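Visitor: I am new to protein structures and would like to learn how to read one. Could you walk me through some features, one at a time?

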Amino acid sequence: MGGNDNCLPLFETRPAKGRILFQLCVATIFVGISFICVYRVRWFPERGSWTERWTWVGLSVAELWFTLYWLLTVVVRWNPVRRFTFKDRLSCRYDDKALPGVDIFVCTADPVIEPPTMVINTVLSMMAYDYPPEKLSVYLSDDGGSDLIFYAMLEAAHFSKEWLPFCRKFKVEPRSPEAYFRMAATNPPSHDSFMTKDWLMIKKLYEDMKIRIETTTKFGRVPDNLRQQHKGFREWDLVSSKQDHQSILQILVNGRDPEAMDVQGEALPTLVYLAREKRPQYHHNFKAGAMNALIRVSSRISNGPVIFNVDCDMYSNNSESIRDALCFFLDKEKGHEIAYVQYPQNFDNITQNEIYGNALRVSMEVELPGFDGNGGPCYIGTGCFHQRETLCGKKYSKEFKAEWRSENNRNSKQSSSALEESCKSLASCAFEQNTEWGKEMGLKYGCAVEDIITGLSIQCRGWKSVYFIPERKAFLGVAPTTLMQNLIQHKRWSEGEFQIFLSKYCPLVYGHKRIPLKLQLSYGIYNLCAPNSLAMLYYVVVPSLCLLKGIALFPQISSPWVLPFPCVVLANRAYSLWEFLSCGGTFQGWWNEQRIWMFKRTTSHLFGLLSTVPELLGLSKATFDVTEKVVDEDVSQRYEQEVMEFGTKSPMFNIIATLAMLNLLSCIGAIKRVIVDNKALDLLALQMLLSGLLVCLNLPVYKGLFFRKDSGSMPPSVTLFSIIFTLLASTIAMY
């Protein structure tokens, strides 16, 4: 290659498409909002009753809040960018010896919610990356301290000796055995007899391993004959409970050992199991604490300059993801500025029309590229490659040059047992006492969304971050398959985000003069989800109650002042539809997204808001709810059929059902009023349209309340509560 080729960039940045359409839409909406503001001031009901005046004020405040929040979304969407890598240039410039070591962190917390077979499929897919195995180390943090997970990891270590050569030989994608064989059931291997023979052998080995693991998991403990096969099981003789045990560290495959080979004689990646010490008197700081323990332990064992972390349910779907990430870190012009490379979060169990809006299409393909254009994406806690130095608290300086070349001494004389014992103290409870870990080093503590403030603090130390969407999705995970799982997950996210806004890490304060103003504002679309619930609740409840009373809150249909309202709504939702379709969604998927958007605003975000205040006042402690990855067969079947799952008692379902019943009742009352008095239609048309739209969005709720008889329908207690509360609220509103 010529000398100039070594100067060519390893990645390029291009502006995203569709910006002119967006800017035209913004201008239209802004003009409409301006007229609405004028209307609210000019037509204030001075001669109306006390109720009418304060209702008008409340609606005006809600619309003002929506306007401010909309402006934040405009900031995010104004200048999105796309990144493109050149892996061929990377390969020409760096041979295998020159590539940096990569330490991969996989985190799990509960063998019931996150089954061992799922965990090891993720681990195996990480071990099978298209990357020099001697440069690769995979660490599993088991915060549940389960010998079932440890047993599954032993099985995975043995199976990897067959699986990795198979992946290399036939360039397998994806490299999760479960996902690969599931896809092969519909797309069988080629007629190549050699591949067919190997394929059948590997498939049988995997199925046998899976049966052994699932049988042991169902039994609830590892049989004694299996426990005698590895010294690591003796550690569990000293375990009191999953919240009270010593550090358990086992190097299952030692990359330093020249005998750590697969069946073809090729080196295997290092594989490490860690269950950090837990004691009742020490706060373990959830996932952030687990990650920090992994950072310290890995620094002693492999010390890769690049750290990559992923959730245990997110297997690798693209074996070249590491090389894509290195195109950013190793770029000669800009690589020294980059702290982390964030990939999108994608899922492999999404239904065609996304009944729960779990694909996060707009967030992953529109909002985060917008963050990138404004200064860098936030860190979302999974699917992210970091420079080790930046995670350990290093500030950016122009003179800093990362040391990417790392040597793995495969002839090291230190035994695995000696290395294990020397590392255990790094995962002890006492190690972090009176240190900067969780403050200035590692992931931050004290917040349910530790990833966001960690990424923000890295950016505030002067580092850049980039967001990369590869052609082939990099990782695929498991999305919530019930409405309750979805709502609880978003409750935790909104609660954590609002905590950030009210803390010293508020981007407008913490990021002042450290990151661009447009990036500070971009964080607001997530930080302010919780208070958004109040304006949304007002708009869903109050116009419906006023409709029953006959109080008009919008212009008459015959008045020219009516035009800005449908103009703003139609322009905003039409662009939202275009945005969703351009991200690969369907019209029905977009409609489902609107329904879930309303559910989240009126429940998840509301409960996130209500939970934040007691925690800030010290009246309650933060908790971390792990999203369940397994469901009953009938629940799974309803999910695949896109039938909404209720089935359990919950205050969130009480709210959803009551709001649905209230809008149905107000719609019926309005129709009755129009039949009696034709002039009422001119006066209340917009309110009737709003209420009718909410009724249409709530159709699955009505089915769950009155028409479905399966176990996923609304519980009778929820139905009874919603009817009683709706009648009570309507009676008070009318009289």
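Guide: We will go through the surface, the buried parts, the rings and the backbone in turn. Please keep in mind that this is a predicted model.

Visitor: Let's begin at the surface. Which residues make the nonpolar surface patch?

Guide: Here Phe30, Leu64, Leu68 and Leu71 make a nonpolar surface patch of about 370 Å². Helix 2, residues 50–77, gives the most to this patch, with three residues. Phe30 is found in helix 1, which covers residues 19–42.

Visitor: How can residues of a helix end up on one side together? Is there a general idea?

Guide: There is. An α-helix has 3.6 residues a turn, so residues three or four places apart point the same way.

Visitor: Is Phe30 buried, partly exposed or exposed?

Guide: The general idea is to look at relative accessible area: under 20% is buried, over 50% is exposed, and in between is partly exposed. Phe30 counts as partly exposed because its relative accessibility is 48%.

Visitor: Now a residue at the other end of that scale, please. Where does Ile301 lie, and is it buried or exposed?

Guide: Ile301 lies in helix 9, residues 286–301. With a relative accessibility of 7%, Ile301 counts as buried.

Visitor: Which residues is Ile301 in contact with, beyond its neighbours in sequence?

Guide: Leaving aside residues within four places in sequence, Ile301 is in contact with Tyr139, Ile251, Arg256, Thr270, Val272, Leu419 and Cys423. You can also compare positions in sequence and in space: Ile301 and Ile29 are 272 residues apart in sequence, and their C-alpha atoms are 56 Å apart.

Visitor: May I try the same reading on Glu645? Is Glu645 buried or exposed?

Guide: Glu645 counts as buried, at 6% relative accessibility. Find it in the loop between helix 22 (633–640) and helix 23 (651–676). Not counting residues up to four places away in sequence, Glu645 touches Tyr356, Thr482, Leu483, Val635, Arg638, Phe653, Ser711 and Gly712.

Visitor: And for a whole helix: how many residues of helix 14 are buried?

Guide: For a helix, you apply that reading residue by residue. In helix 14, residues 450–460, eleven of the eleven residues are buried, so this helix is largely enclosed by the rest of the structure. Among them are Glu450, Asp451, Ile453 and Cys460. Helix 14 is followed by Gly462, which has a positive phi near 105°.

Visitor: Next, the rings. How many aromatic pairs does the structure hold?

Guide: The structure holds 48 aromatic pairs. To describe a pair, give the distance between ring centres and the angle between planes. Tyr39 and Trp561, for instance, form a tilted pair, 6.1 Å centre to centre with 40° between the planes. Tyr39 lies in helix 1 and Trp561 in the loop between helix 19 (529–549) and helix 20 (564–582), so this pair ties together parts that are 522 residues apart in sequence. Both Tyr39 and Trp561 are buried.

Visitor: What kind of aromatic pair do Phe150 and Phe233 form?

Guide: Theirs is edge-to-face, with 5.1 Å from centre to centre and 80° between the planes. Because Phe150 lies in helix 5 (residues 147–170) and Phe233 in the loop between helix 8 (224–227) and strand 5 (248–253), the pair ties together parts 83 residues apart in sequence. Phe150 counts as buried at 0% relative accessibility, and Phe233 counts as buried at 3%.

Visitor: Which residues form the aromatic cluster?

Guide: Phe35, Tyr39, Trp43, Trp56, Phe66, Tyr539, Phe554, Trp561 and Phe565 form one aromatic cluster. Charges can be read against rings too. The charged end of Arg40 sits over the ring of Trp56, 4.7 Å from its centre, and Arg14 lies over the face of Phe84 at 4.0 Å from the ring centre.

Visitor: Last, the backbone. Which peptide bond is cis?

Guide: For this, look at the angle omega. The bond from Glu173 to Pro174 is cis, with omega near -10°. Pro174 is in the loop between helix 5 and helix 6 (177–184).

Visitor: Where does Asn303 lie, and what is its phi?

Guide: Asn303 lies in the loop between helix 9 and strand 7 (306–311). Its phi is near 55°, a positive value in a residue other than glycine. Asn303 is partly exposed, with a relative accessible area of 39%. Phe286, in helix 9, also has a positive phi near 55°.

Definitions and conventions
Residues numbered from 1 in each chain as written. Predicted model: local features only at pLDDT ≥ 70, side-chain atom pairs only at ≥ 80, totals over all residues. Heavy atoms only, no water. Patch = residues over 30% accessible without salt bridge, like charges linked within 9 Å, V, L, I, M, F, W, Y side chains within 5 Å. Areas by Shrake-Rupley, 256 points an atom, 1.4 Å probe, with all protein chains shown as cover. Salt bridge = Lys/Arg side-chain N within 4 Å of Asp/Glu carboxyl O. Helix = DSSP H or I, 4+ residues; strand = E, 2+ residues; numbered from the N terminus. Buried < 20%, exposed > 50% of the residue type's maximum accessible area, 1.4 Å probe, protein only. Contact = heavy atoms within 4.5 Å. Phe/Tyr/Trp six-rings, centres within 6.5 Å; stacked < 30°, edge-to-face > 60°. Lys NZ or Arg CZ within 6 Å of the ring centre and 35° of its normal.
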